[in-house]
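Work through the exercises below with the model at hand. Try each task before reading its solution.

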Amino acid sequence: MLEIKGLSLAIESKEAAIIAVQDVSLTIAAGRVVGLVGESGCGKTLTAQSILRLGEYQGIERVHGDILWHGESVFDMSDTRLRKMRGGQVAMIFQEPMTALNPVFSIGSQMLEVIRLHLGLSKVKAKEHAIQYLNDVGLDEGEQLLKQYPDALSGGMRQRVLIAMAMSLHPEYIIADEPTTALDVSVQKRIIALLRKLQQEKNLGMLLVTHDFGLVAEMCDDVVVMYAGEMVESGSVLDIFDHPAHPYTQALMGCRPEMVKDGEALTVIEGQVPAPGQWPKGCHFSPRCARASDACQESPIAMDAWQHGEHQARCIHVQEQA
Amino acid sequence: MMLLEAKHISKIFQSGGLLEKGQEKLAVNDVSFQLKAGETLAIVGESGSGKSTVARLVMRLIEASYGEIFWQGQDVTTMSPRQLRQHRHHIQMVFQDPFASLNPRMRIWESVAEGLRVHAAELNNAQRREKVAEMLERCGLSASTMQRYPHQFSGGQRQRIGIARALMVEPKVLVLDEPVSALDVSVQAQILNLLADIQAQMGVAYLFISHDLSVVRHIADRVLVMFQGNVVEEGLAAAVFSNPQHTYTQELLAARPIAHPSERKDVV
Ligand SMILES: Nc1ncnc2c1ncn2[C@@H]1O[C@H](COP(=O)(O)OP(=O)(O)OP(=O)(O)O)[C@@H](O)[C@H]1O
Ligand SMILES: Nc1ncnc2c1ncn2[C@@H]1O[C@H](COP(=O)(O)OP(=O)(O)O)[C@@H](O)[C@H]1O
Ligand code: SF4
Ligand SMILES: [Mg+2]
Ligand SMILES: [Mg+2]
């Protein structure tokens with residue numbers, strides 16, 4: 001069980017600490033896939049990285065709340081314990097595949113090292129293991145590929161190497177940050193099928209960070225929508241697709257090209273996500289919201305301002321869509 | 001009016017990439033197409049199918065191994081350097097990562113104005129600035145931002161700058177290589193609307209490369225489907241999408257992301 005409880009994160013600089021993620025709570029049980037959705041700059045990656053305490057190296061501090069891994073706070077973990085969690089129990093697939101691979105080592109030396117370390121396999125067995133997982137993500141020339149260095153691979157190939165690397169360690173949980181954004185549709189389909197197959201066979205828990213509703217439709221059980229550092233809606237995948245409640249969720253879903261008829265202009269959300277430190281006082285979405293009233297701008301809106309069973313929205317003027 | 005015509009172009013790479021010494025790679029094989037004024041021709045296909053190579057050939061960033069490219073009836077491959085400079089104004093390129101194509105040390109107005117130096121050398125500095133401001137506004141950016149540097153903009157804004165820059169010299173064709181692939185769905189929608197507006201106002205033709213079929217379906221008049229360097233299908237977008245003929249096109253369409261969780265097929 002992985003639980004994020006009332007988590008707030010700040011970006012520390014010499015002058016100030018600016019809140020970038022505010023009061024995020026979500027639970028991922030074994031075998032569940034939770035989608036974290038929103039435009040870029042909403043705090044999705046910060047939230048996801050904090051699970052493995054990776055923000056600490058980039059000046060990101062936890063200011064409130066906690067993250068519990070099987071009941072144990074990750075912030076109280078010893079270095080040894082944390083390494084174990086990072087190394088195999090919770091695998092992370094990063095958004096930027098180039099930064100996650102070391103350019104001076106071959107794919108083989110990076111992959112085999114972690115496999116041997118975490119699974120205790122012999123060199124020969126580790127190599128077989130690696131090639132099998134490379135094959136699973138559609139990289140057929142595994143043997144050849146292990147000899148290559150990261151910058152000889154296309155973006156799509158690097159991303160697949162990272163997915164293979166994460167999967168090969170038999171994790172319990174996976175945190176995947178935009179895992180398929182850089183891939184074309186055919187590879188995407190294959191990766192999604194692979195992720196779903198492994199996830200279901202091994203009953204993995206998964207946090208899937210994405211702005212792609214197609215991926216959410218394929219993979220997720222539950223969805224959390226983030227806007228400007230806050231959760232704005234949460235519910236089951238069917239709640240979100242069939243009855244999106246928050247105006248932001250509704251607008252985001254309406255931007256997809258498949259939502260308009262041929263020849264019509266796409267629906268857009270005018271303006272952009274405000275940066276941390278520039279959030280409005282009341283509802284963070286109010287400057288871009290067509291439904292905003294004075295009350296929306298006066299004071300913060302609570303996450304349970306609108307509630308329907310487990311389905312919640314941070315909005316005081318919810319109009320459900322038919 | 002026919003603007004651009006590629007006749008049986010092929011590209012063979014000699015080495016580099018994952019190629020061993022002496023190995024050859026037929027990246028583009030016997031590709032032909034025509035682009036008319038004001039229309040959008042999309043090239044779709046999986047990674048490595050040769051789309052970007054076609055774009056680079058059309059821009060003459062690389063030379064074709066075989067075949068010819070005609071610009072309004074004139075063979076581009078035999079143009080003199082002077083004619084080629086002229087030609088390069090008619091056809092401009094927008095990249096997937098606009099950051100890589102903007103000089104990080106130049107204020108954005110300078111980057112956007114660059115093309116004017118040759119194209120409209122008679123303008124003075126103030127006139128150039130005015131033209132840049134106008135184009136930035138047209139592309140949805142406030143002219144007050146033109147003193148800033150590229151890193152001070154979001155991905156979507158940088159893409160607008162890239163488009164403004166390409167449009168400055170009033171080209172007749174824009175070659176767009178995955179222009180919205182790196183963007184959020186919301187920013188993507190803004191950029192696609194911008195491209196549609198610009199085409200309606202200025203009559204620019206687009207050669208639009210993408211692997212996102214719902215984007216292509218939305219923006220393209222005609223579609224070229226590439227597979228392993230070859231064109232396997234070509235036609236009106238509506239026809240190709242509703243009635244794909246080639247097996248590969250059918251596979252590509254079947255691989256489209258689902259629109260609703262109820263369309264999930266169980267995998268285990
Ligand atoms: N620096 C390099 N050294 C060796 N090979 C390279 C290098 N950069 C790219 N390649 C190879 O060139 C080919 C094209 O690479 P490119 O990055 O353009 O991929 P692409 O076809 O656009 O694919 P994708 O859509 O997956 O990114 C690939 O086969 C890649 O392995
Ligand atoms: N400079 C190069 N050297 C060798 N092979 C290349 C080079 N550029 C591209 N290729 C190969 O040509 C094919 C087409 O590449 P590209 O045009 O980049 O594909 P895409 O359709 O994804 O844009 C690929 O198989 C690629 O490996
Ligand atoms: S609270 Fe008000 S401003 Fe915020 S989303 Fe709801 S209607 Fe819009
Ligand atoms: Mg991110
Ligand atoms: Mg390409």
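**Exercise 1.** Find how far the sulfur of B:Cys139 is from the closest cysteine sulfur.

*Solution.* Step one: the closest cysteine sulfur belongs to A:Cys255. Step two: the distance is 19 Å, too far for a bond. A disulfide is a pair of cysteine sulfur atoms within 2.5 Å. Step three: a search of the whole structure finds zero disulfides over all chains.

This is a predicted model, where local features need pLDDT of at least 70, side-chain atom pairs count only at pLDDT 80 or more, and totals for chains, interfaces and linings use all residues. Residues are numbered from 1 along each chain as its sequence is written, chains are lettered from A and ligands numbered from 1 in the order written, and side-chain values use heavy atoms, without hydrogens and water.

**Exercise 2.** Decide whether B:Cys139 is buried or exposed.

*Solution.* Buried means under 20% relative accessible area, exposed over 50%, partly exposed in between (1.4 Å probe, protein chains only). B:Cys139 has 0% relative accessibility, so it is buried. A:Cys289, at 18%, is buried too.

**Exercise 3.** Place strand 8 of chain B among its partners.

*Solution.* Strands are DSSP runs (E, at least two residues) and helices likewise (H or I, at least four), numbered from the N terminus. Two strands pair if DSSP finds at least two bridges between them. Strand 3 (residues 40-44) of chain B joins strand 8 of chain B by four bridges, running parallel. Here B:Leu41 stands opposite B:Leu207. Strand 7 (residues 173-177) of chain B joins strand 8 of chain B by five bridges, also parallel.
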